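I opened this entry to keep track of what I looked up, strand by strand and then across the chains. The structure goes in here before my notes.

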Amino acid sequence: MNESIEPGSALPRTPAGPVVSLRGVSKRFGGVRALVDVDVDVHEHEVLAVVGDNGAGKSTLAGVLAGAHRPDSGQVLVDGAPVVLDSPAAARALGIATVFQELALVNDLDVVENLFLGHEVGRGGFLDEVEMERRAWQVLDQLAASVPSVRDPVRTLSGGQRQVIAVARALLGSPRVVVLDEPTASLGVRQTAQVLNLITRLRARGHAVVLVSHQAGDLQAVADRILVLRLGRVHGTYTGETSYEDLLAAMTGAVRPSPGRR
Amino acid sequence: MNADGMRGGGRTLAAVDPAPEPPRVGPGAVLRQWFHGEHGVAPIVVGLVLVWVVLAAIAPDFLSAENLVNLTLQSVPVGVIALGVVLVLLVGQIDLSVGSVSGLAAAIVAVGTVTAGWPFALGVLVALACGMAVGLVYGVLSTRLGLPSFVITLAGLLFFAGVQLRVLGPLGSINLPFESWFVRAVQQGFLDPRVAWVLVAVWVLAYLGTQIWARERRRRAELSCVPWSQVVLRTGALALVLSATVGYLSTARGVGYSVVLFVVLVIIADVALRRTRWGRSVRAVGSDRRAALLSGVAVHRTVVSCFVACTTLAALGGILAAGRLGAANQGTGGADTYLTAIAAAVIGGTSLFGGRGSAWSALLGVLVIQSVANGLTLLDLDQATRFMVTGAVLLGAIIVDMLVRRRRQEA
C-alpha cells in the first residue's frame, strides 16, 4: 500500500524516499495474528500516527520498529536496504529510537543518571558527571523542557516531565526515527498538550516520528498522516485533517463514506 | 561523608509548565539535604550519638579510649560482612548465608595453615577464592534459573554450615599459631600515631582536592556549583571527625590495622558505587530491574558481581574473625552473625528492597550494633538482654528511616 496522498493535502513532501519502510510484515503470537501483511513508510520531517482499537496491532508494530519483536515474514528496510532489527540496541544503531509505553525510567535515579543509563560517559574509569550533566541540559534545552533540577530523582517528576525525560533519552543517540508508544495514555490534559507540543518540535528538527496511540482526537492535532490498523491489517491511510468520526469509523469498522480516504 | 555535592542543578529553562519550585540554597537547605538526601547518613549519625550518650550515662567506662579501641576492633569482622550485605541489598537481592560462608573461610584458613602446613597467605587466598566461587554459584542460580536469592542463600546457609563442620573435623576447633604475623597484625597491630595523622591529612586533602576540582570543572561547563562555604564546611566536618577519632584512640592503643583495612574497603566500595558505571548499574538494577534491562544495563553481570563481592567479603570477615579470636571453631560465623550483619546494613540506612543505600551504612550500622553489645557487656548484662536491645534498636532505626522517607515524599 503506497501512500500517494491526494493532491491538495497540505503535507510536507520529503525529497528523499522513506527512512524506514515495512514491506509485507506479518507477526503472530501463538494463534493470534497481530500483524498481517503490513506496509508502512516513515518519512523524515513527518509525524506518522498509528491508530487502532485495542488489539489492532499498534504496539506490535511499534515493537517491530523498536527491535523488540522480530517479524515472522516480510522485510524491514532502512533507506531502501533490508535490515534485521533483532534487539532495541540494533534498532538504535540504525537510527531508530523507541520510547516504550512504560518509559523504562528508574525511579530512584536522578534525571542525568536516567538519561545516560547503560550509555554512561566515562573518564579514566570513572563517570564523567560534569560532561553528562552538560549534555543533559543541552538535550533538554533542545526540547524546551521544563525540569526543576536534573539532580532530582525522576520519582519526584510529573507524568509529563517523565515522558519528556524518556523522549530526551531517546534523542541522545541522535536518531532519525523516534517511535513513541502511547505517550499520552496516562497523562492529563495539560501534560498531553505538552507532549504533543514536543512531538511537533521533533518534527521541526527533522525527525521522523511514529506516534502510536488509540486516542484519535489527540493525534489529529499533530499527525501528518494517520495509519489505521484494524485486526492486524492496514485499514487505510488518512490525512491529518480527517474528521474524528471518519477515523472512529475506520478504527471500529463501522464503514461510512470517508472523504479523507484515498 | 558522602553527601553528594552535585544535587540541585539549579537552572530552570524556558518553561512550558508554570515555573517549577526554585532550587533551595542556603544553610537550611544544606542541613535539610543531609537529612533527606538520597543517601542521607545524618539520621544514623544522630542515632549513633544517642546510643553513645545513653551508654555513657549508664556505663561510664564506655567512652574510655581503651574501650572505644576495643569497640573498633570488635566491629571489623561483622562490618566487613555487612559491607558485602549492603552490596547485595542494593542490587535488590539478599544473602542469608554470609555467616556460614565466613565460618567456612575461617575453617579453611585454620585447617590449611595449621593442619596442612600451607603458608598463611595461601590459606587466605584459598578461603577468599572459595568465597568468590560461592557467590558465583548464587549469581548464576539467581540470574539463569531465576530462583529467589532468599531461598538459594537459605540453602547455602545450611549447606556451608555443614561444610564448615566437615572441614574443621572431629576436633571442632583449631587454634591459629599465636606468633603468626596475621594473628599478631589483627590482634596487636596498631598504626603508629604519626602514620595515622599522615593518613588523616592525606584523606582530608584528597577530599578537598576532589571537591575543588569537580567545582572547577562544573564552573567551566557553566553548571551550578556548590557554594564555597559548603566545601569548607564539609571538609572541616570530615577533618574534625577524623582528627577526633585518631586523636582520642591514640591516647590508648590507637587505630588497629584491621580497622584501617575495613575503612579502606568502605571507601573503595563507596567510590565504586557512586562514581563508576558498575555502581550506577547496581542502583539501577536494584531499583527497577526491567527498566534497567530496557536501558541496556548488563543486568545479569551486575547481579552476579554483587553476589561475588558479598560472599568474598563474607569470607574475608570470617578470616578476620578467626584472626581476632586466634582460632577457628564451630561457632565462628554461626548463630547470629548473619542476622547482625544484615541488621547492621539496614540500621545504617540501606533499603531491604534494593536501590537505596550507601557503603557507609555498613560502618555506621555495625558501630551502632557493636556499641550496644559492648555497652551491655560492660554492664554485665547477658546475651538475652543484648538480643532484645539490638532488636529494639533495629526496629527503632527502621521506624525513623520510614518516617524520614515519608516526610521527604510529602515535601
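**Small sheet of chain A.** I began at a single bridge and found that Leu77(A) has Pro82(A), in S5(A), as its bridge partner. The model is a predicted one, and I kept that in mind for every entry below. Leu77(A) is also the bridge partner, in S4(A), of Ser21(A). Going from the residue to the strands, I noted that S4(A) and strand S5 (residues 81–83) of chain A run antiparallel and are joined by three bridges. Strand S1 (residues 20–29) of chain A is likewise antiparallel to strand S4 (residues 73–78) of chain A, with five bridges between them, and in this pair Ser26(A) stands opposite Ser73(A) in S4(A).

I then asked in what order the strands of this sheet lie. The order is S2-S1-S4-S5 (chain A), four strands in an open sheet with antiparallel pairing. Strand S2 (32–42) and S5 of chain A are at the edges with a single partner strand each, so one side of each has no neighbour in the sheet. From one strand to the next, the twist averages 35°.

**The turn at Asp79(A).** S4(A) and S5(A) make a hairpin with two residues between them, and I looked up Asp79(A), which lies in the loop between these strands of chain A. Its phi is near 55°, which is positive although the residue is not a glycine. As a reminder to myself, most residues other than glycine have a negative phi. The side chain of Asp79(A) also meets that of Arg176(A) in a salt bridge, at 2.8 Å from N to O. This pair links distant parts of the chain, since Arg176(A) sits in the loop between H5 and S9 of chain A, 97 residues apart from Asp79(A).

I checked chain B for a similar entry and found Asp380(B), a non-glycine residue with a positive phi of about 65°. Asp380(B) is placed in the loop between helix H15 (360–378) and helix H16 (383–410) of chain B.

**Six-stranded sheet of chain A.** The next sheet is open and has six strands in the order S6-S9-S10-S3-S11-S12 (chain A), with mixed pairing. Its edge strands are strand S6 (96–99) and strand S12 (233–239) of chain A, each pairing on one side only. With direction ignored, neighbouring strands of this sheet are turned by 20° against each other on average. I followed one pair in detail: strand S11 (residues 225–230) of chain A and S12(A) are antiparallel over six bridges, and Ile226(A) stands opposite Tyr238(A) in S12(A).

Which helices pack on this sheet was my next query. Helix H6 (residues 189–204) of chain A does, touching strand S3 (46–51), strand S9 (177–181) and strand S10 (208–212) of chain A, and its direction makes about 150° with that of S10(A). Helix H8 (residues 244–252) of chain A packs there as well, with S3, S11 and S12 of chain A as the strands it touches and an angle of about 30° to the direction of S11(A).

**Contact of chain A with chain B.** I asked how many residues each chain brings to the contact; chain A brings 42 residues and chain B 39 residues. The buried area between the two is about 3,700 Å², and carbon and sulfur atoms give 53% of this area. Asp108(A), Val130(A) and Trp137(A) supply 16% of the area that chain A buries against chain B, more than any other three residues.

For polar pairs across this interface, I noted nine salt bridges, whereas the count over all chains comes to 27. One salt bridge that I looked up joins the side chains of Arg277(B) and Glu120(A), at 3.6 Å from N to O. There are also 10 residue pairs in polar contact across the interface. On the side of chain A that touches chain B, strand S8 (126–127), helix H4 (129–142), helix H5 (159–171) and H6 of chain A each give two or more residues. H4(A) gives the most, with nine residues.

**Confidence.** I closed with the pLDDT of chain A, which averages 82, with 90% of the residues at 70 or above. The mean is lowest in helix H7 (residues 216–222) of chain A, at 75, and highest in helix H3 (residues 111–115) of chain A, at 92. Residues 1–14 of chain A stay under 50, and the model has 23 contacts beyond four places in sequence for this stretch. Where pLDDT is low, the predicted coordinates should not be read in detail.

Notes
Residues numbered from 1 in each chain as written. Chains lettered and ligands numbered in written order. Predicted model: local features only at pLDDT ≥ 70, side-chain atom pairs only at ≥ 80, totals over all residues. Heavy atoms only, no water. pLDDT = per-residue confidence, 0-100. Contact = heavy atoms within 4.5 Å. Pairing = 2+ DSSP bridges. Axes fitted to C-alpha atoms, helices over the stretch in contact; angles between N-to-C directions. Buried area = accessible area lost by both parts, 1.4 Å probe. Salt bridge = Lys/Arg side-chain N within 4 Å of Asp/Glu carboxyl O. Polar contact = N/O pair within 3.5 Å; in protein donor to acceptor, adjacent residues only side chain to side chain.
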